[in-house]
Amino acid sequence: MAKLDCKLCSGTGWTVSEQDGISSAERCSCVAESQAEQMEKLAQIPENYQRASFENFHLPDDNPTARRGLSDVMLAVSGFTRIYPKNPKPGLLLVGPPGTGKTHLAVAALRLLLARGHEGVFFDYQNLLERIRSSYNEKLGTSTREAYRSALETEILLLDDLGAHRVTDWVEDTVTSIVNFRYNHRKPLIATTNLVDPDIGGTGPEKSQVPGAHSFRTTLEERVGERARSRLFEMCRVIRMPSVNDYRIKPQRADR
Ligand SMILES: Nc1ncnc2c1ncn2[C@@H]1O[C@H](COP(=O)(O)OP(=O)(O)OP(=O)(O)O)[C@@H](O)[C@H]1O
Ligand SMILES: [Mg+2]
Ligand SMILES: [Zn+2]
């Protein structure tokens, strides 16, 4: 749909150009723009992240190791969007401690894909489960049931804060059914989590120093179950956030 107030096409969606006495009509750029805006609206990105992009992702300049680590991660995530949808693995799993920029980067990737006309939806994991659960409990309208359908069917699912919920069989079954459906159909999934996993490792003091003792940080498997974890690893490129300060509690910087 064209923008009604577009100065280039006056809302017709077409621009006419003339060359050698022959005029030809072309689709106006506002058509793609308004489609992208529409896609953003449908994606339900929370307000805090609506402007998250790779351009406004800051690389620390006081710590070369952190800068390199964060820059590698950013390149990996933007690389995912560059080759999309021809990625060897259809998903991305961003793993790391709070405040390291996982959700920011996941949204930046989603927004780039939306701007290219792809469809996607942002879901906060906990909120998605609550909406699905309440649609079972009560005779509610279609809006809550739609959450489940949309998590299954949307082209790109951004599942934020995966595993941030106490574990019940119901939660495990529900997550497994969503991941399994998307896995079976090779549907892209971009997920973030700050849970740890023995096969990813290095995201903090997750292991006790005492041999044989259990880890004191909850693992991905404990929260989502073995089956969902296994599928996540197969369908997602796993990206571990480097060791950086929590951006939320950094000292105030002049440019913020
Ligand atoms: N490198 C960065 N440059 C610019 N903004 C950043 C950067 N890292 C984080 N932020 C901002 O800091 C806030 C926290 O980042 P974000 O929500 O992405 O962290 P997270 O890793 O998802 O944390 P959590 O595990 O708690 O969900 C957001 O507002 C985000 O936009
Ligand atoms: Mg987050
Ligand atoms: Zn126009």
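# Exercises on a predicted model

Serine 10 lies in the segment that comes before strand 1 (14-19). The model is predicted, and the exercises below start from this residue.

## Exercise 1. Backbone angles outside the usual range

Task: determine what is unusual about phi of serine 10, and look for a similar case in the loop between strand 5 (156-160) and helix 6.

Solution.

1. Most residues other than glycine have a negative phi, and most peptide bonds are trans.
2. Serine 10 is not a glycine, yet its phi is positive, near 50°.
3. Serine 10 has 14 C-beta neighbours inside 10 Å, so it counts as partly exposed. The limits that matter here are 20 or more for buried and 12 or fewer for exposed.
4. In the loop between strand 5 and helix 6, the residue to find is aspartate 161. Its phi is positive, about 65°, and it is not a glycine either.
5. Aspartate 161 has 19 other C-beta atoms within 10 Å and is therefore partly exposed.
6. Arginine 186, which follows helix 6, also has a positive phi, near 50°.

## Exercise 2. A peptide bond in a loop

Task: state which two residues are joined by a cis peptide bond, and where the proline of the pair is placed.

Solution.

1. The bond joins tyrosine 84 and proline 85, with omega at about 5°.
2. Proline 85 belongs to the loop that connects helix 2 and strand 3.

## Exercise 3. The overall layout

Task: give the number of helices and strands, their order, and the share of buried residues.

Solution.

1. The protein has 7 helices and 7 strands.
2. Read from the N terminus, the order is β-β-α-α-β-α-β-α-α-β-α-β-α-β.
3. Of the 256 residues, 32% are buried.
4. Take the contacts between residues at least 6 apart in sequence: 73% of them join residues at least 24 apart.

## Exercise 4. The two sides of helix 2

Task: check the length of helix 2 (residues 64-83), then sort its residues into a buried and an exposed side.

Solution.

1. Helix 2 has 20 residues, and 28 Å separates its first C-alpha from its last. The expected value at 1.5 Å a residue is 28 Å, so the two are close.
2. Its buried residues are Leu70, Val73, Val77, Phe80 and Thr81.
3. These residues cover an arc of only 100° around the axis, which puts them on the same side of helix 2.
4. An α-helix has 3.6 residues a turn, so residues three or four places apart point the same way.
5. The other side of helix 2 holds exposed residues: Pro64, Thr65, Arg68, Asp72, Leu75, Arg82 and Ile83.
6. The packing partners of the buried residues are strand 3 (91-95), helix 3 (102-115) and strand 7 (236-240).

## Exercise 5. Valine 77 as a test case

Task: decide whether valine 77 is buried or exposed, and list its contacts beyond four places in sequence.

Solution.

1. Valine 77 sits in helix 2.
2. It counts as buried because 24 C-beta neighbours lie inside 10 Å.
3. With neighbours within four places in sequence set aside, its contacts are Leu92, Leu105, Ala109 and Ile239.
4. Alanine 108 is 31 residues away from valine 77 in sequence, while their C-alpha atoms are 8.8 Å apart.

## Exercise 6. Two partners of helix 3

Task: describe how helix 3 packs with helix 2 and with helix 1 (residues 29-43).

Solution.

1. The axes of helix 2 and helix 3 cross at roughly 25° and come within 9 Å. That angle makes helix 2 roughly parallel to helix 3.
2. The crossing of helix 2 and helix 3 is right-handed. Val73, Met74, Val77, Phe80 and Thr81 of helix 2 make the contact with Leu105, Ala109, Leu112 and Leu113 of helix 3.
3. Helix 1 and helix 3 have axes 8 Å apart and pack at an angle of about 140°. Helix 1 is therefore oblique to helix 3.
4. Helix 1 and helix 3 also cross in a right-handed sense. Here Ala36, Met39, Glu40 and Ala43 of helix 1 meet Leu110, Arg111, Leu114 and Ala115 of helix 3.

Key: Residues numbered from 1 in each chain as written. Chains lettered and ligands numbered in written order. Predicted model: local features only at pLDDT ≥ 70, side-chain atom pairs only at ≥ 80, totals over all residues. Helix = DSSP H or I, 4+ residues; strand = E, 2+ residues; numbered from the N terminus. Arc of directions from axis to C-beta. Contact = placed C-beta atoms within 7 Å. Axes fitted to C-alpha atoms, helices over the stretch in contact; angles between N-to-C directions. Parallel < 35°, antiparallel > 145°, perpendicular 65-115°, else oblique. Left-handed = near helix turned anticlockwise from the far one by under 90°.
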